[in-house]
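Visitor: I am new to reading protein models, and I would like to be taken through this one step by step. Could you start with the strands and then move on to the helices and charged side chains?

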Amino acid sequence: MAARLLAFEVADLCLGKPPLCALSVSATVGDALAALKTAEDNSVSVWNCDHSKRNLSAVDEECVCIGKVCMVDIICYLCKEDNLSSPALALKSPVSVLLSKVNGLVRHVDPSSSLLEAIDLILQGAQNLVVPIKSNNTGNSKRKQLLKSSLSSPMIHNGVQFCWLTQEDVIRFLLNSIGLFSPIPTLSIEALDIISPEFLAVGYHSPASSAIGAISRALVDQTSVAVVDDYGTLIGEISPFSLACCEETVAAAITTLSAGDLMAYIDCGGPPEEIVRVVEARLKERNLEGMLEEFVIESSSTILSSSSSDEELPSPTRTLSRSGRYSRSSSYSARMVRRAEAIVCHPGSSLVAVMIQAIAHRVNYIWVIEDDCSVVGIVTFANMLEVFREKLESLI
């Protein structure tokens with residue numbers, strides 16, 4: 001069985017994965033925004049080629065994926081001081097301004113690359129491995145027709161389509177063969193020493209805008225920003241995974257609200273009306289009419305002509321459910337895509353339990369807390385892969 005696991009190639013992990021939605025590097029931020037709103041994935045790949053123009057001279061051009069963008073990139077870009085007054089102008093900027101300056105987040109790999117090679121690339125910092133999709137003559141023609149009419153349809157690069165492999169894909173694959181790693185999966189994350197004590201955090205009452213840098217960093221690290229009170233107790237989080245499922249209008253909320261109020265804004269599938277009113281009033285107070293006009297926050301209530309920026313918003317009550325979900329209220333939206341609740345475990349939690357917990361909630365990390373809800377640290381998919389990589393090495 002061990003030999004069989006080591007024999008798997010990257011192509012085996014890509015079976016059934018959809019082709020990448022792609023943008024040319026010549027596209028604008030507005031193009032990226034439009035593509036993200038129609039794409040099934042939370043991110044869109046950016047390439048150095050542009051086959052959408054059917055330029056015959058570009059047939060021999062080497063197509064390379066140079067990065068990816070998601071809604072969080074756009075939100076953080078719109079929150080920059082220079083873009084607050086004129087978000088419409090910001091959307092006309094080239095999509096290249098959204099690309100991360102960190103090298104190696106996206107890496108091309110051959111379909112015949114081994115599982116170990118894929119893990120090594122991830123441990124070196126790669127978030128997404130770009131893999132050519134092997135041609136399949138029995139493909140679903142109906143699906144192809146649906147994709148053809150989509151704004152964010154997969155781009156064909158010189159006759160080849162690509163998909164990408166993520167950390168979650170690799171963890172899911174290893175979970176299917178978890179018995180081969182016994183007894184490691186049953187050991188606690190504390191015993192395995194994979195809890196990282198360093199994490200990003202912001203105070204509950206601090207301006208949400210003060211966390212923009214941390215949000216960008218969390219996006220690169222595929223982690224999150226903890227929201228803590230004055231005593232270091234975990235209240236919730238500002239997660240790029242949740243922000244990626246929000247509309248670009250959340251930029252207005254980040255600009256005007258506290259971290260605690262921002263959690264309420266993005267939670268439960270939509271912002272409460274009283275917080276919407278506060279955002280609108282504070283945008284007016286700061287004369288950010290451009291943002292107010294371009295990104296109208298949908299609300300059943302009308303825009304107030306005046307409102308005090310000192311309006312107090314309800315503070316959350318903190319509860320910890322039996323499932324390990326740290327909640328600010330008893331009501332939790334069934335939607336997985338928008339939440340500010342932190343998914344937590346304890347130092348004594350087993351590795352396999354934490355893996356399942358992270359996969360179930362579609363995040364790449366789990367917060368580790370003590371019984372008093374103080375933050376111990378964070379455990380990530382990358383931390384887990386280091387353990388599995390060492391075990392696989394011993395099986396060779």
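**A guided walk through the model**

Guide: This is a predicted model, and a good place to begin is an open sheet of three strands with mixed pairing, whose order is β7-β8-β9.

Visitor: Which strands are the edge strands of this sheet?

Guide: In the order β7-β8-β9, the strands to look for are those that pair on one side only. From one strand to the next the twist averages 35°. The edge strands are β7 (200–203) and β9 (234–238).

Visitor: Over how many bridges do β8 and β9 pair, and in which sense?

Guide: Strand β8 covers residues 225–228, and Val 227 stands opposite Gly 236 in β9. The pairing of β8 and β9 is antiparallel, and the number of bridges is four.

Visitor: Which helix lies across β7, β8 and β9?

Guide: The helix in question spans residues 259–266 and runs at about 65° to β9. Its name is α13.

Visitor: Which residues of helix α10 are buried, and what covers them?

Guide: Helix α10 takes in residues 212–221, and its buried residues are Ile 212, Ala 214, Ile 215, Ala 218 and Val 220. After the helix comes Gln 222, which has a positive phi near 55°. The cover over the buried residues of α10 includes α4 (71–78), β7, β8, β9, α11 (240–243) and α12 (250–256).

Visitor: Which residue in the turn between β13 and β14 has a positive phi?

Guide: Five bridges join the antiparallel strands β13 and β14, and across this pairing Trp 367 stands opposite Ile 378 in β14. Strand β14 (residues 375–380) is mostly covered, as five of its six residues are buried. The two strands form a hairpin with five residues between them, and the residue in the turn with a positive phi, about 70°, is Cys 373.

Visitor: How many salt bridges are there in the whole structure?

Guide: Side chains of opposite charge can pair when their charged atoms come close. One network of such links joins Lys 37, Glu 247 and Glu 248. A search of the whole structure gives a count of nine salt bridges.

Visitor: Is Asp 169, the partner of Lys 17, buried or exposed?

Guide: The side chains of Lys 17 and Asp 169 meet in a salt bridge of 2.9 Å, N to O. This pair links distant parts of the chain, 152 residues apart, with Lys 17 in the loop between α2 (10–13) and β1 (22–24) and Asp 169 in helix α9 (residues 167–175). Lys 17 counts as partly exposed because its relative accessibility is 24%, whereas Asp 169, at 17%, counts as buried.

Visitor: How far apart in sequence are the parts that Arg 362 and Glu 168 tie together?

Guide: Arg 362 forms a salt bridge with Glu 168, and the closest N and O atoms are 2.8 Å apart. Because Arg 362 lies in the loop between α16 (351–360) and β13 (365–369), while Glu 168 lies in helix α9, the pair ties together parts whose separation in sequence is 194 residues.

Visitor: By about how much of helix α14 are Glu 273 and Arg 277 separated?

Guide: The side chains of Glu 273 and Arg 277 meet in a salt bridge of 3.4 Å, N to O. Glu 273 counts as partly exposed at 32% relative accessibility, and Arg 277 is partly exposed with a relative accessible area of 26%. An α-helix has 3.6 residues a turn, so residues three or four places apart point the same way. Because Glu 273 and Arg 277 are four residues apart in helix α14 (residues 273–285), their separation is about one helical turn.

Methods
Residues are numbered from 1 along each chain as its sequence is written. This is a predicted model: local features need pLDDT of at least 70, side-chain atom pairs count only at pLDDT 80 or more; totals for chains, interfaces and linings use all residues. Side-chain values use heavy atoms; hydrogens and water are left out. Two strands pair if DSSP finds at least two bridges between them. Axes are lines fitted to C-alpha atoms, for helices over the stretch in contact, and angles run from 0 to 180 degrees between N-to-C directions. Contact means heavy atoms within 4.5 Å. A salt bridge is a side-chain nitrogen of Lys or Arg within 4 Å of a carboxyl oxygen of Asp or Glu. Buried means under 20% relative accessible area, exposed over 50%, partly exposed in between (1.4 Å probe, protein chains only).
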